[in-house]
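Hello,

Here is the structure I promised to pass on to you. Have a look at it first, and then read on for what turned up in it.

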Amino acid sequence: MTTATTTEAALAVRATGVHRSFDGREVLSGIDLTLHQGEFLALLGRSGSGKSTLLRAMAGLDPDFTGELLVPERRSVVFQDHRLQPWKRVLDNVVLGLPRAGAKEAGLNALAEVGLTERARDWPITLSGGEAQRAALARALVRDPALLLLDEPFGALDALTRLKMHALLRELCRKHRPAVLLVTHDVDEAIALADRVIVLTDGRLGPSHEVGVGELRGVLLKELGVVEAG
Ligand SMILES: Nc1ncnc2c1ncn2[C@@H]1O[C@H](COP(=O)(O)OP(=O)(O)OP(=O)(O)O)[C@@H](O)[C@H]1O
């Protein structure tokens, strides 16, 4: 099944009955999900629960799922590793694949937004882990995505850098208002960033939780099986 693009106003993603199997083993078992423009959804789940598989299908990186998946044409992905090309300077990485006209200015604007103006001419190898993820965020945002897909983008960063990146991401999302799907293991990160949190367990989505309602942290830890239900 290929990923079709959404046209309905304000709707960014609609997944209906999405299944994915690898070698006869079902990893996604009928995913139904909607995500609206400007909404930030965190998808939590234990290792191997199928989070990245769902994100990859939404990114259009996996044609082999079944079911229906509508996503916007303008979508960007940020992975845990920055995936910058080492032989291109930071600015050239950010604008890679964009039409030439206006690309440089747009790239410099995006780098300014993530605080990397001074590093535009540098090689990726000279960036710290946090700076490289900032560059990856700039590369995602310069495409003005209607859907931003984040697959553990801060997973490899130290705690302090991670908190700084949270603040930056919140600011960028307030400004640009993409729909965001954040895949993470981290309950506190999910609560700090998202409007809504869903747990994926063995290929099935649990209930949708609005952030800010009740004892969400405890509820999520139970759903994840980290603490005993009861
Ligand atoms: N290309 C593939 N071929 C075979 N099995 C795969 C493939 N991609 C994913 N899987 C399997 O599907 C399951 C879900 O993987 P996925 O990467 O989606 O999990 P995840 O929840 O993102 O895990 P993690 O949090 O550890 O990244 C795993 O058991 C994995 O081994």
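Of the 230 residues of the protein, 39% count as buried. Please keep in mind as you read that this is a predicted model.

Let me begin with the overall build. The protein has seven helices and ten strands. Its radius of gyration is 18 Å, close to the 17 Å that the globule rule gives for 230 residues, so the protein is as compact as a globular protein of that length. Measured out along the principal axes, the C-alpha trace spans about 55 × 40 × 35 Å. Among contacts between residues at least 6 apart in sequence, 70% join residues that are at least 24 apart.

Next, the interior. In soluble globular proteins, nonpolar side chains tend to be buried together. Here the largest nonpolar core has 62 residues, and Ala138 and Leu181 are the ones with the most contacts inside it. Helix α4, residues 129-141, gives the most to this core, with seven residues. If you would like to look around Ala138, leave aside residues up to four places away in sequence: Ala138 then touches Val94, Ala110, Leu111, Glu113, Val114 and Leu116.

Now to the strands. An open sheet is formed by four of them, in the order β1-β5-β2-β3, and the pairing is mixed. At the edges stand β1 (4-5) and β3 (25-36), each with a single partner strand, so one side of each is left without a neighbour in the sheet. Strand β2, residues 11-22, pairs with β3 in the antiparallel sense over nine bridges. To find your way along this pair, you could start at Arg14, whose bridge partner in β3 is Thr34.

Another set of pairings involves β9. Strand β4 (residues 40-44) and strand β9 (residues 196-201) run parallel and are joined by four bridges. In this pair, Leu41 stands opposite Arg196 in β9. Strand β9 is also joined to strand β10 (residues 204-210), by five bridges, and these two run antiparallel. Here Leu200 stands opposite Leu205 in β10. Together β9 and β10 form a hairpin with two residues between them, and Asp202 in the turn has a positive phi of about 45°. Pro207 lies in strand β10; with 9 C-beta neighbours inside 10 Å, Pro207 counts as exposed. From Pro207 to Leu172 there are 35 residues in sequence and 27 Å in space, C-alpha to C-alpha.

Which residues surround the ligand? They are Phe22, Val27, Gly45, Ser47, Gly48, Ser49, Gly50, Lys51, Ser52, Thr53 and His185. By class, this shell has two nonpolar, eight polar and one charged residues. Helix α1, residues 51-59, provides the largest share of the shell, three residues.

A few single residues also deserve a visit. Asn93 is found in helix α2, residues 90-94. Is Asn93 buried or exposed? Asn93 has 22 C-beta neighbours inside 10 Å, so it counts as buried. Not counting residues up to four places away in sequence, Asn93 touches Leu84, Gln85, Lys88, Pro124, Ala135 and Arg139. Asn93 and Asp202, the residue in the hairpin turn, are 109 residues apart along the chain, and their C-alpha atoms are separated by 36 Å.

Two loop residues other than glycine have a positive phi as well. For Asp144, phi is near 50°, and this residue lies in the loop between α4 and β7 (147-151). With 12 C-beta neighbours inside 10 Å, Asp144 counts as exposed. For Glu152, phi is also near 50°, and this residue lies in the loop between β7 and α5 (159-176). Glu152 has 19 C-beta neighbours inside 10 Å, so it counts as partly exposed.

Enjoy exploring the structure, and do write back with any questions.

Best wishes

Definitions and conventions
Residues numbered from 1 in each chain as written. Predicted model: local features only at pLDDT ≥ 70, side-chain atom pairs only at ≥ 80, totals over all residues. Rg over C-alpha atoms; globule rule 2.2 N^0.38 Å. Buried ≥ 20, exposed ≤ 12 C-beta atoms within 10 Å, placed from the backbone. Contact = placed C-beta atoms within 7 Å. Core = buried A, V, L, I, M, F, W, Y, C linked by C-beta atoms within 7 Å. Pairing = 2+ DSSP bridges. Near = placed C-beta within 6 Å. Nonpolar A, V, L, I, M, F, W, Y, C, P; charged D, E, K, R; others polar.
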